[in-house]
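Here is a short report for a reader meeting this structure for the first time. Take a look at the sequence and the model, then read on.

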Amino acid sequence: MTPVRLSTAATMVLQAIAHGYEYGFDVMDATGLPSGTVYPALRRLEALGLVDAHWEKHAVAQKELRPPRRYYEVTGAGKVALAEAVKRYPLLKRAFEGA
Amino acid sequence: MTMPVQPHLRVILILGWFVPRARRGEWRREWEGELAYFEARLRRRSPGADVRWQLFARALGAWGDALHLNFNSRMVGGRCVAPLYNAIWFATTFPWYYWLGRLSVSWQWRDEIVLVLAFGGGFAFERWVLRPLLDIRGPRMRRS
């Protein structure tokens, strides 16, 4: 398998998800990136198999009287790609330290 | 009685037409879910505040996502046209960020902005209003 070379923005998004920011808007708030960057990055990461998307449990959303949200989680391949990408962008490693 | 559709949901409904049909339903549900959560969070933070504009602004952010999915589904000559997305996205958003950033720092860039907008507006007016109105055609469109 050829290694995936992630952009800085995609690495930030992947790192945010790995740190527990599982929803699109949460990733935006955590990274400070606009939706025009975060969502296309999420689509690309999903297409590459680096993140997996699921729907929030209906009961959880219903309790708060809102529709369910779609959440993302890092796959095994995503963890490998993130470790590789963080080596290339050492400053990003510190971005979520203490989060 | 039907409930009126809120402006931010209307934006999602309209932008959904840019998304490929196979993904449209899921795309709308995802944005509606995120916006509903965002609305609940805003209302918790400042109860009774008018959050319509904040929701509307967030919903407009879906434009980039819809455009990305649209371009990724299109093939021209067997090639995906996704790289075009980046070009269009930067061309449409960067100048505004750049200019607004400059304006927020100093008003000395005002003349430059006014000039560029005047040229752009003038060109668009001439191309899409005056020419069709006066039936002026370019040399290549004229038939001998």
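## An exposed tryptophan and a buried cavity

B:Trp128 has a relative accessibility of 59%, so it counts as exposed. This is a predicted model. B:Trp128 sits in helix 6 (residues 110-134) of chain B. It also belongs to a nonpolar surface patch of about 650 Å². The other members of that patch are B:Phe125, B:Val129, B:Leu130, B:Leu133 and B:Leu134.

Now the chain around it. Chain B has six helices and two strands. Along the sequence they run α-α-α-α-β-β-α-α. Of the 144 residues in chain B, 29% are buried.

Helix 4 (residues 62-72) of chain B is largely enclosed by the rest of the structure, because nine of its 11 residues are buried. Among them are B:Asp65, B:His68, B:Leu69 and B:Phe71.

Next, the cavity. The structure holds one cavity of 30 Å³ or more. The volume of the largest cavity is about 40 Å³. Which residues line it? They are A:Arg43, A:Arg70, B:Arg23, B:Glu26, B:Trp27, B:Glu30 and B:Leu69. Five of the lining residues are charged, two are nonpolar and none is polar. Helix 2 (residues 21-45) of chain B gives the largest share, four residues.

Salt bridges come next. The count over all chains is 14. Three of them are set out here, with the distance between the closest N and O atoms for each pair.

| Pair | N to O distance |
|---|---|
| A:Arg43 and B:Glu30 | 3.0 Å |
| A:Arg70 and A:Glu46 | 3.1 Å |
| B:Arg52 and B:Asp50 | 3.0 Å |

Take the salt bridge between A:Arg43 and B:Glu30. A:Arg43 lies in helix 3 (residues 35-47) of chain A and B:Glu30 in helix 2 of chain B, so this pair joins two chains. Both residues are buried.

A:Arg70 and A:Glu46 also form a salt bridge. This pair links distant parts of the chain, 24 residues apart. A:Arg70 is in strand 2 (residues 70-74) of chain A, and A:Glu46 is in helix 3 of chain A. A:Arg70 counts as buried, because its relative accessibility is 6%. A:Glu46, at 23%, counts as partly exposed.

B:Arg52 and B:Asp50 meet in a salt bridge too. B:Arg52 is exposed, with 53% relative accessibility. B:Asp50 is partly exposed, with a relative accessible area of 48%.

Some salt bridges share partners. Together they join A:Arg43, A:Glu46, A:Arg70, B:Glu26, B:Glu30 and B:Asp65 into one network.

Conventions: Residues are numbered from 1 along each chain as its sequence is written. Chains are lettered from A and ligands numbered from 1 in the order in which they are written. This is a predicted model: local features need pLDDT of at least 70, side-chain atom pairs count only at pLDDT 80 or more; totals for chains, interfaces and linings use all residues. Side-chain values use heavy atoms; hydrogens and water are left out. On a 1 Å grid over the protein atoms alone, a cavity is a set of points where a 1.4 Å probe fits but cannot get out, and a pocket is an open set with protein on both sides within 12 Å along at least five of seven lines; lining residues have an atom within 4 Å of a point. Grid points are joined across faces, edges and corners, and a volume is the space filled by probe spheres set on the points. Ala, Val, Leu, Ile, Met, Phe, Trp, Tyr, Cys and Pro count as nonpolar, Asp, Glu, Lys and Arg as charged, and the others, Gly among them, as polar. Patches are made of residues with over 30% relative accessible area and no salt bridge: like charges are joined within 9 Å, nonpolar side chains (Val, Leu, Ile, Met, Phe, Trp, Tyr) within 5 Å. Accessible areas come from the Shrake-Rupley method with a 1.4 Å probe; for residues, only the protein chains shown count as cover. A salt bridge is a side-chain nitrogen of Lys or Arg within 4 Å of a carboxyl oxygen of Asp or Glu. Buried means under 20% relative accessible area, exposed over 50%, partly exposed in between (1.4 Å probe, protein chains only).
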